[in-house]
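Trainee: I am new to this structure and would like a close look at one part of it. Could you take me through its charged pairs, and then show me the surroundings they belong to?

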Amino acid sequence: MQLTQFLKKVITSSFATPGLIKQIKECTELTRNHMTPEIALHLITPNCSLWSARQEESPFHDPFWAFHWPGGQALSRYILDNRDLICGRRILDVGSGCGACSIAAALHGCAETIIANDIDRLACSAIEMNCSENNVFVNITCENLIGTPCENIDLIIVGDMFYDSDFGVIMFSWLQKLASQGKCILVGDPGRHAFKETLLTKEVERVIEYPLNEQSCMENSGFSTASVWRLRSSKDFSNKSL
């Protein structure tokens with residue numbers, strides 16, 4: 001399948017309605033207080049009422065997309081610092097959440113295409129809003145792409161998706177298959193139990209490790225660093241970048 005056909009199949013034109021935009025803005029803060037201050041993101045911070053609200057007080061069931069998780073921060077930082085990794089590539093950001101990794105790639109302005117993918121439509125709305133705040137465009141889809149062959153995609157980036165052991169096995173099996181086909185697979189993770197339990201660390205190499213800032217350490221009790229990992233069978237686009 002040609003990339004243009006793939007995009008037509010999975011991309012939705014718009015997610016963020018005026019009412020939803022207003023609601024997200026009221027419940028979050030536009031902040032740069034994270035490892036990637038080049039990127040402004042609508043996030044739930046200690047300044048927001050939802051920070052200490054009970055679940056039944058939140059208008060959102062599970063606003064995971066309103067946090068810049070540590071694995072995503074590490075991936076975004078690495079992408080921002082390595083333009084050569086992005087230039088000319090066809091990129092898929094799986095479980096995109098707030099969209100920071102896709103935005104980091106888009107800020108370079110040299111990727112062939114960038115697809116931010118999250119099955120949660122609210123996350124896709126947040127990605128759309130965050131792209132607007134940073135004056136970049138990425139393709140956004142809420143299709144479940146896990147398990148698909150991802151034809152004509154060069155680089156797959158995955159942040160903080162190893163949060164559950166059973167799902168981690170499914171995720172890793174898919175990523176291994178894609179890596180064996182020569183696709184570059186980068187994973188961002190702070191060292192969660194599910195990440196280690198799937199034995200992923202035997203199949204990857206650490207590219208870089210970053211310290212988390214004070215805010216991120218507070219949000220992610222028990223973690224003080226986050227790393228970018230590359231599946232060993234992945235294609236190495238650039239010895240300089242990887």
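Which residue forms a salt bridge with Arg192, and how far apart are their closest N and O atoms?

Mentor: Happy to help, and one thing to keep in mind from the start is that this is a predicted model. The partner of Arg192 is Asp189, and the closest N and O atoms of this salt bridge are 3.3 Å apart. In general, side chains of opposite charge can pair when their charged atoms come close.

Now look at how much of each partner is accessible. Arg192 has a relative accessible area of 14%, so this residue counts as buried. Asp189 is buried as well, because its relative accessible area is just 2% and the cut-off for buried is under 20%. Here, then, is a salt bridge with a buried residue at the arginine end and a buried residue at the aspartate end.

It helps to set this pair beside some others. Ten salt bridges are counted in the model. One of them joins Arg77 and Asp81, with 2.8 Å between the closest N and O atoms. Both residues belong to helix α3, which covers residues 70-81, and they are four residues apart, about one turn of the helix. The accessibility of this pair is mixed. Arg77 is buried, since its relative accessible area is 12%, whereas Asp81, at 45% relative accessibility, is partly exposed. Arg77 and Asp81 also belong to a network of salt bridges that takes in Glu38.

A further pair, Glu26 and Lys22, has its closest N and O atoms 2.5 Å apart. Both of these residues lie in helix α2 (residues 18-27), again with a spacing of four residues, about one turn of the helix. In this case Glu26 and Lys22 are both exposed. If you click through the three pairs in turn, you will meet buried partners in Arg192 and Asp189, a buried Arg77 with a partly exposed Asp81, and finally the exposed Glu26 and Lys22.

Let us step back to the whole chain. The protein chain has 242 residues, of which 54% count as buried. Its secondary structure consists of nine helices and nine strands. Among contacts between residues at least 6 apart in sequence, 71% join residues at least 24 apart. You can follow a few such separations yourself. Ile115, in strand β4 (residues 113-117), is 26 residues from Thr141 in sequence, yet their C-alpha atoms are 7.3 Å apart in space. At 0% relative accessibility, Ile115 is buried. Gly182 sits in the loop between α7 (165-180) and β7 (184-189), and its C-alpha is 9.5 Å from that of Leu155, 27 residues away in sequence. With 29% relative accessibility, Gly182 is partly exposed.

Next, the nonpolar interior. In soluble globular proteins, nonpolar side chains tend to be buried together. In this model the largest nonpolar core has 38 residues, and those with the most contacts inside it are Ile86, Val138, Leu155, Ile157 and Leu186. Helix α5 gives the largest share of this core, six residues. Another core lies apart from it, with 23 residues, including Leu92, Ile156, Phe167 and Val204.

Helix α5 (100-108) turns up again at the largest pocket, where both this helix and β3 (90-94) supply at least two lining residues. The largest pocket holds about 560 Å³ of space. It is lined by 27 residues, and the closest to its centre are Phe64, Gly95, Asp118, Met161 and Tyr163. By type, the lining has 13 nonpolar, nine polar and five charged residues.

Finally, two residues to check for their backbone angles. Asn135, in the loop between α6 (121-133) and β5 (139-141), has a phi near 55°, a positive value in a residue other than glycine. Cys150, in the loop between β5 and β6 (155-159), also has a positive phi near 55°. Their accessibility puts them at opposite ends: Asn135 is exposed, at 72%, while Cys150 is buried, at 1%.

Definitions and conventions:
Residues numbered from 1 in each chain as written. Predicted model: local features only at pLDDT ≥ 70, side-chain atom pairs only at ≥ 80, totals over all residues. Heavy atoms only, no water. 1 Å grid on protein atoms, 1.4 Å probe; cavity = no way out; pocket = protein on both sides within 12 Å on 5 of 7 lines; lining within 4 Å. Points joined across faces, edges and corners; volume = space filled by probe spheres on them. Nonpolar A, V, L, I, M, F, W, Y, C, P; charged D, E, K, R; others polar. Core = buried A, V, L, I, M, F, W, Y, C linked by side-chain atoms within 4.5 Å. Buried < 20%, exposed > 50% of the residue type's maximum accessible area, 1.4 Å probe, protein only. Salt bridge = Lys/Arg side-chain N within 4 Å of Asp/Glu carboxyl O. Contact = heavy atoms within 4.5 Å.
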